[in-house]
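Student: I'd like to take a close look at one part of this protein and understand how its pieces pack. Could you walk me through it once the structure is up?

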Amino acid sequence: MNSNRLRSFLVGTLLAVAAACGGGDAQVEELAAACASTSNMGTEICNCVAAKAKAELSDDAFAMLLAMVNDEEDVVADLRERLTVEDAMEAGMFMTNAPASCAAEANSN
């Protein structure tokens with residue numbers, strides 16, 4: 001098994017174990033699935049992006065990112081009114097920066 005496939009398998013397994021132990025997050029899984037279905041990024045990159053989003057963004061910024069990926073314009077508009085400028089900018093720029101970071105991590109292994 002090549003290192004990319006092994007890493008993808010391990011990330012998927014860790015997400016499944018975390019979910020089974022009550023530590024999983026349906027929003028992370030939803031973001032990973034939406035990323036994979038709406039982009040040309042692979043599962044490994046999308047899993048990484050979703051995990052980074054959960055770790056790095058506030059709850060509202062994460063919700064906004066999820067709504068943007070799912071093309072939920074009403075939710076995005078509502079969240080945009082509540083978010084700080086910094087959180088809105090982080091959510092807006094996240095999909096520009098995180099995939100490249102995840103790809104670099106995947107290529108270094």
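Student: Are α3 and α4 roughly parallel or roughly antiparallel to each other? Please start there and then take me through the helices and residues around that pair.

Tutor: Happy to, and please keep in mind that this is a predicted model. The axes of α3 and α4 lie 8 Å apart and the two helices pack at an angle of about 150°. An angle over 145 degrees counts as roughly antiparallel, and α3 and α4 are therefore roughly antiparallel to each other. From α3, the residues in this contact are Ala50, Ala53 and Lys54, and they meet Asp59, Phe62 and Leu65 of α4. Sorted by class, the contact of α3 with α4 has four nonpolar residues, two charged ones and no polar ones.

Some context for the whole chain will help. The protein has six helices and zero strands, so to speak a plain α-α-α-α-α-α pattern along the sequence. Of its 109 residues, 30% count as buried. If you take the contacts between residues at least 6 apart in sequence, 65% of them join residues at least 24 apart.

Now bring in α2, which spans residues 26–38. Against α3, helix α2 packs at an angle of about 140°, with the axes 8 Å apart. That angle makes α2 oblique to α3, and the crossing of these two helices is right-handed. On the α2 side the contact is made by Gln27, Val28, Leu31, Ala32, Cys35 and Ala36, and on the α3 side by Cys46, Asn47, Ala50, Ala51, Ala53 and Lys54. The classes in the contact of α2 with α3 are nine nonpolar, two polar and one charged.

Turn next to α2 and α4. Their axes come within 9 Å and cross at roughly 30°. Because angles under 35 degrees count as roughly parallel, α2 and α4 are roughly parallel to each other. Helix α2 passes α4 in a left-handed crossing. Here Gln27, Val28, Glu30, Leu31, Ala34, Cys35 and Thr38 of α2 meet Phe62, Leu65, Leu66 and Val69 of α4. The contact of α2 with α4 divides into eight nonpolar residues, two polar and one charged.

Lysine 54 is a good residue to zoom in on. Its place is in helix α3, residues 43–56, and it takes part in the contact with α2 as well as the contact with α4. Leaving out residues up to four places away in sequence, lysine 54 touches Asp25, Gln27, Val28, Asp59 and Phe62. With aspartate 25, the contact includes a side-chain to side-chain polar contact at 2.9 Å. Glutamine 27 is 27 residues away from lysine 54 in sequence, while their C-alpha atoms are 8.6 Å apart in space. The relative accessibility of lysine 54 is 30%, so lysine 54 counts as partly exposed.

For contrast in surroundings, look at alanine 67, which sits in helix α4. With 2% relative accessibility, alanine 67 counts as buried. Beyond residues up to four places away in sequence, alanine 67 touches Glu72, Val75 and Val76. Its C-alpha lies 9.9 Å from that of alanine 34, although 33 residues separate alanine 67 and alanine 34 in sequence.

Cysteine 102 brings another helix into the picture, since its place is in α6, residues 85–108. Cysteine 102 is buried, with a relative accessible area of 1%. Setting aside residues up to four places away in sequence, cysteine 102 touches Ile45, Cys48, Val49 and Lys52. Cysteine 102 and cysteine 46 are 56 residues apart in sequence, and 8.4 Å separates their C-alpha atoms.

One last stop is just past α4. Aspartate 71 is found in the loop between α4 (59–69) and α5 (73–82). Aspartate 71 is exposed, with a relative accessible area of 57%. Most residues other than glycine have a negative phi. Aspartate 71, by contrast, has a positive phi, near 60°.

Methods. Residues are numbered from 1 along each chain as its sequence is written. This is a predicted model: local features need pLDDT of at least 70, side-chain atom pairs count only at pLDDT 80 or more; totals for chains, interfaces and linings use all residues. Side-chain values use heavy atoms; hydrogens and water are left out. Helices (H or I, at least four residues) and strands (E, at least two) are DSSP runs, numbered from the N terminus. Buried means under 20% relative accessible area, exposed over 50%, partly exposed in between (1.4 Å probe, protein chains only). Contact means heavy atoms within 4.5 Å. A polar contact is a pair of N or O atoms within 3.5 Å; within protein, one must be able to donate a hydrogen and the other to accept it, and residues adjacent in sequence count only if both atoms are side-chain atoms. Axes are lines fitted to C-alpha atoms, for helices over the stretch in contact, and angles run from 0 to 180 degrees between N-to-C directions. Angles under 35 degrees count as roughly parallel, over 145 as roughly antiparallel, 65 to 115 as roughly perpendicular and the rest as oblique. A crossing is left-handed if the near helix is turned anticlockwise from the far one by less than a right angle, and right-handed if clockwise. Ala, Val, Leu, Ile, Met, Phe, Trp, Tyr, Cys and Pro count as nonpolar, Asp, Glu, Lys and Arg as charged, and the others, Gly among them, as polar.
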